[in-house]
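Student: I've got a new model to look at and could use some help reading it. Can we go through it together?

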Amino acid sequence: MGHLVTVATCSLNQWALDWEGNTQRIIESIQKAKAAGARLRVGPELEICGYGCLDHLMEQDLYLHSLEMLRRILLDESCHGILLDIGMPIQHRNQRFNCRVICLNSKILMIRPKMWLANDGNYREMRFFTPWMHPREVEDYHLPRMLQSIQGATHVPFGDAVISTPDTCMGAETCEELFTPAAPHIPMSLDGVEVITNSSGSHFELQKLETRLQLIMEATRKCGGVYLYANQQGCDGDRLYYDGSAMIIVNGNIVAQGSQFSLNDVEVLTATVDLEEVRAYRSAISRGLQAASSNAKYQRIQTTFELSSEEDDFDIEKRPSPPIKPRYHTVEEEVALSAGCYLWDYLRRSGVAGYLVPLSGGIDSCATATIVYSMCRIVMEAVKEGNPQVIEDVKRIAKYKGEGVLPKTPQELCNQIFSTIYMGMKAQSSRETRQRAKDLAEAIGSYHVNLDIDDVYNAQKALITSTLNFEPKFKVHGGTHQENITLQCLQARIRMVTAYEFGQILPTARNRPGGGSLLILGSANVGESLRGYLTKYDCSSADINPIGSIDKADLKRFIAWAEKNFNLPCLHDFLTATPTAELEPLTESYVQSDEADMGMTYAELTIFGRLRKENKLGPFGMFQRLVHDWSADRVKGPEDDAPEYTPDQVAEKVKRFFHFYAINRHKMTTLTPALHCNPYSPDDNRFDLRPFLYPPFWKSWSFKKIDWELEKITKRMAKK
């Protein structure tokens, strides 16, 4: 019996409800796996329908079409001669399950339903599916008529079982199950399962890959075995970017790792593994005793299909794939690559002519524009490599120079699919911000529009005066707070309307063949959204916001990185400029500042956001934590760069944050959909579900508790 086995996993750029497209990508991955000599292929979670179908997973049509696409795969003879692990939803006895379908040569060997469903953060699987609650139990699944004729039977096994071949044993776990304390791979390994597949729909977060990879490596470092991890890659229709990173791990060592960010719709990863290495690794006495005493015994579905062959053992050119070091990207690279790939998927699948960004001369809109330029760089690199799908998409979208004419540089592509617009005010907008916007547009090649909105602003302001016989004034001119806010918001909302106006007409005005419209990109960072430091229905209102869950510090790091790596010297001026909304008139003694307006720094906002969401702290709990973390009397370590405040100042900061968070929470209900990048995103529509009408925090019980705690701390300090 042979012991060298070639296995394959993959990352697929699936699209929710793209039935024929998804199926074709699955078939292509199977063909590539076979061409590489693989005898087992595993694909991503719910790959037939696409992971991000959300409430469509409650529709009967979805289950019908999933079965129809499975039938197409089973009947395709190019998919024969290889053991297949395919992800799809299945209804069984009037319940919906997230399943793996194990197939071979047009026959279904078994269906394995997911046991532990992902149900936190962005995941809502319990809304759509029922978990399989019967470990190591199997029952009959009644096949629909369309599959009975292919199967030559009316029923197949359904449940928690494993596949036994003449040379090894294979089991499947799905995504979330890996991360649970009692993961299925543990009892499987103790029961002699040597090859374990994991089909995932795992989305990107900054620096999440290392955590995911460590968990996968630990699975086989402790238990031994061959672990195949498959994942979706790309934007499949909502706020998430699935970051691929398919991998194959043997006894805790990575032997193959796929790309995390890519424009390839199908990426197949193969490795040759030695089953004898698994058996030797598992020979420890303590492991053997645990296996012998384990009562977790799996039903084994038998097949005569072998994953190895004796002929491969005689092929001296064939050897087990050697271990490799894991590959990680820096935060700056992750911002550039994740958002760039996401925006390209969104653009090519939406059918529009390109993007437009209101460019203010500040670092946030600068970051959004630089991300679009990163997208253009990624796309042109794929064109250079001959990626046929990317070339086809570029020809379809970028056609100012004629049908089928490809741009030659990222700047050329940028000029055809990306417009920037500076919407200034004569009294408020500085020469510096206008120039920075112009310089950046020239550097990246965007089609740039420079205009002033004074006429529109004055007309709207005159409407108030003529109707109410009242002329509002800015604060610097003696106006009240409400007058000042009214005039600022007026400018901001005019800019939003103007951005959409130009987004709809620019391609036609530029004589783009077929006309078309541009998607508007937003530039509100996660801290401003959390604090509510934005005008509802201003330029934060857009179609997509690529930086909506990235904090100011990471954006600055990205811009500093892009200045060197993208050769954009003009970015340096953005890094050194004071963040300002420029919504109030400039005077010799006053220039509007974001952090002064907010009453807190962007760094403090990041801390507030993480404590609120990740640490699950309310006002009182946050004060109890920060009064120690920010104490001016604390013992500081070498990397301690936290601020130093008295207990009174900490109390004031925490109260101010929660006050503004509460009164501005309503803005989150209309927040532009943002690419999910951080675990403390305030996205109200999917990730961060909270009320938007709060009782006044200044009168709240939690603020009273802070005051009492502060009194105790103050008394104790006075005794010293």
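Student: What does the accessible surface of the protein come to?

Tutor: First, this is a predicted model, where local features need pLDDT of at least 70, side-chain atom pairs count only at pLDDT 80 or more, and totals for chains, interfaces and linings use all residues. Residues are numbered from 1 along each chain as its sequence is written, and side-chain values use heavy atoms, leaving out hydrogens and water. Carbon and sulfur atoms hold 52% of the accessible surface (Shrake-Rupley method, 1.4 Å probe; for residues, only the protein chains shown count as cover). The total is about 29,700 Å².

Student: And how much of the protein counts as buried?

Tutor: Buried means under 20% relative accessible area, with a 1.4 Å probe and protein chains only. Of the 720 residues, the share that passes is 57%.

Student: Which helix gives the largest share of the largest nonpolar core?

Tutor: A nonpolar core is a set of buried Ala, Val, Leu, Ile, Met, Phe, Trp, Tyr and Cys residues joined through side-chain atoms within 4.5 Å. The largest one has 62 residues, and Leu343 and Trp344 are among those touching the most other members. Its largest share, 14 residues, comes from residues 363–384, helix H11 (helices are DSSP runs of H or I, at least four residues, numbered from the N terminus).

Student: Which residues does the second core include?

Tutor: That core is separate and has 51 residues. Its members include Leu12, Ile73, Cys99 and Tyr141.

Notes:
Buried < 20%, exposed > 50% of the residue type's maximum accessible area, 1.4 Å probe, protein only. Helix = DSSP H or I, 4+ residues; strand = E, 2+ residues; numbered from the N terminus.
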